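Me: I would like to learn how to read a structure of this kind, one feature at a time. Could you take me through it, giving the general idea wherever there is one and then the case at hand?

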Amino acid sequence: MGTGEGRLDVARVRGLFPGLSDGFVHADGAAGTLLPENVVLAVAQAMRVPIAARGGAFPASARAEGLVASARAAVADLVGGVSTGVVLGPNMTTLTYALARALARTWRPGDEIVVSRLDHDANVRPWVQLAEEIGVLVRWAEVDIETGELPDWQYDELLGDRTRLVAVTAASGAIGTRPDVAAIAERAHAVGALVYVDAVHAAAHHFLDARAMGADFLAVAADKWCGPHVGAVVADPALLQELEPDKLVPAPERVPDRFENGSPALELLAGVSAAVDHLASLSEDATGSRRDRLRGSMGAVAAYESSLFAWLDQALRAMRHVQVLGSPGDRTPALSFTVDGMRPRQVAVELARRGICAWDGDFYARELFDALGVNEQGGAVQLGLMHYNTAEEVGYVIDSVAALRAR
Ligand SMILES: Cc1ncc(COP(=O)(O)O)c(C=O)c1O
């Protein structure tokens with residue numbers, strides 16, 4: 001067992017990111033993150049040596065096998081799974097469609113699923129579209145419009161003995177809400193439903209334990225935690241064994257391979273392992289196994305980010321020309337806001353002019369932004385902090401948003 005949460009030395013950490021030399025304030029982390037040098041080098045190194053397809057009798061093919069095994073082990077460490085339950089793929093959306101198709105084969109007309117209005121569309125539409133095809137009833141967990149919370153008590157009414165699946169996010173990248181996934185999963189399991197958790201945003205900010213969360217499936221994407229564009233879904237291999245995904249006849253039958261269609265982006269898998277190593281190294285005080293070091297480092301990340309974010313959140317809420325969506329609470333370091341008299345794109349353009357990267361739009365939180373009524377005006381502006389952001393940058397962002405009032 002490792003020790004120590006420790007401290008995040010942001011000056012050291014910033015030195016690891018070549019992309020920071022562009023001089024911009026990268027407050028777009030909720031949509032995608034910068035890459036540390038070790039990830040860049042790992043991908044480059046994987047491209048320098050011969051790598052063939054998997055399954056051959058020669059060293060270049062064995063190298064490919066090693067890259068897949070290392071990436072699976074890294075993702076398993078990140079979320080507390082086993083590597084034989086890690087399905088790798090191009091991104092979370094593609095994997096979720098594939099898993100949804102496999103799970104939907106077990107659904108019957110009249111069954112029910114529960115999706116949430118808080119979720120990114122990638123954890124909504126695949127389920128809803130398949131449910132509609134089969135005649136499965138879709139029930140919606142609603143967001144409290146004032147607070148931005150997803151109350152777990154409503155699941156008592158939403159769940160029943162026909163519920164087959166609950167899809168819910170571990171954290172909203174749009175407004176930072178962190179639903180009580182464990183409480184929702186406990187209710188879902190009590191009626192025999194499976195739980196599919198979108199941890200794409202959450203994984204960058206908190207130490208995750210898929211089992212403690214009650215996630216039967218937990219989806220992540222490395223580009224949200226300083227890795228390349230690779231997605232992964234983690235599940236119990238025994239559960240994967242029960243499912244029949246779409247696959248080519250000659251492709252392996254074994255789990256988790258049978259969920260991985262076609263050739264993987266082998267070079268990028270080297271970057272997945274390196275990104276998890278990066279996260280595990282963020283606190284120099286954290287020791288022990290990689291999982292132990294992730295626990296310590298992600299604890300340090302959460303403490304660091306939440307103090308920066310509290311300042312940003314409070315400062316924006318105090319501005320009379322700014323509306324931050326939802327209320328303050330247990331949030332990841334991500335928020336969305338609107339500015340009186342300006343469309344979100346205008347705000348984003350103005351921030352970009354000042355050297356700040358910030359997204360505008362609905363960030364694919366389509367259901368949430370429809371419920372909040374902001375889509376007619378172009379959505380909102382999103383700010384998402386990462387462990388490489390500084391207090392100085394946050395101060396500059398606050399001053400820049402304050403200056404919009406004068407326009
Ligand atoms: C919270 C959340 N879930 C899911 C996704 C979809 O991930 P991917 O782009 O890997 O399909 C995103 C992407 O931004 C996201 O932010």
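Me: Which domains does the domain assignment of the chain give?

Reply: Bear in mind throughout that this is a predicted model. The assignment gives domain 1, made of 10-36 + 289-406, and domain 2, which covers 42-278. Taken over C-alpha atoms, the centres of domain 1 and domain 2 are separated by 25 Å.

Me: What area is buried between domain 1 and domain 2, and how should I read such a value?

Reply: The size of an interface is often expressed as the accessible area that is lost when the parts come together. Between domain 1 and domain 2 the buried area is about 3400 Å², and carbon and sulfur atoms give 57% of that. On the side of domain 1, Arg290, Arg291 and Glu367 lose the most area to domain 2, and together they account for 22% of what that side buries.

Me: How many salt bridges and how many residue pairs in polar contact are found across the interface of domain 1 and domain 2?

Reply: The rule finds 6 salt bridges across the interface of domain 1 and domain 2, and it also finds 21 residue pairs in polar contact there, with both residues at pLDDT 80 or more. As for individual pairs, Arg290 forms a salt bridge with Asp277, in which the closest N and O atoms are 2.9 Å apart.

Me: Which elements each supply at least two residues of the side of domain 1 that touches domain 2?

Reply: They are α11 (290-317), β10 (334-339) and α13 (366-372), and α11 gives the most, with 8 residues. By residue class, the side of domain 1 that touches domain 2 divides into 25 nonpolar, 8 polar and 8 charged residues.

Me: Turning to the ligand, which residues surround it?

Reply: The ligand is surrounded by Asn91, Met92, Thr93, His120, Asp198, Val200, His201, Ala221 and Lys224. Individual atom pairs add detail to that list: a polar backbone atom of Met92 is 2.9 Å from an oxygen atom of the ligand, while a polar side-chain atom of Thr93 lies 2.5 Å from an oxygen atom of the ligand. Asp198 is paired with a nitrogen atom of the ligand, from which a polar side-chain atom of this residue lies 2.6 Å away.

Me: Is the peptide bond from Val255 to Pro256 cis or trans, and where is the place of Pro256?

Reply: The peptide bond from Val255 to Pro256 is cis, with omega near 5°, and Pro256 has its place in the loop between α9 (237-242) and α10 (266-280). Another backbone feature belongs to Cys226, which has a positive phi of about 70° although it is not a glycine; Cys226 is found in the loop between β7 (217-221) and β8 (231-235).

Me: How many salt bridges does a search of the whole structure find?

Reply: The search finds 32. In one pair, Arg162 forms a salt bridge with Asp111, the closest N and O atoms being 2.8 Å apart. Arg162 lies in the loop between α6 (155-158) and β5 (163-169), whereas Asp111 lies in the loop between α4 (92-104) and β3 (112-116), so the pair ties together parts that are 51 residues apart in sequence.

Definitions and conventions
Residues numbered from 1 in each chain as written. Heavy atoms only, no water. Domains from an automatic or database assignment. Buried area = accessible area lost by both parts, 1.4 Å probe. Salt bridge = Lys/Arg side-chain N within 4 Å of Asp/Glu carboxyl O. Polar contact = N/O pair within 3.5 Å; in protein donor to acceptor, adjacent residues only side chain to side chain. Helix = DSSP H or I, 4+ residues; strand = E, 2+ residues; numbered from the N terminus. Nonpolar A, V, L, I, M, F, W, Y, C, P; charged D, E, K, R; others polar. Near = heavy atom within 4 Å.
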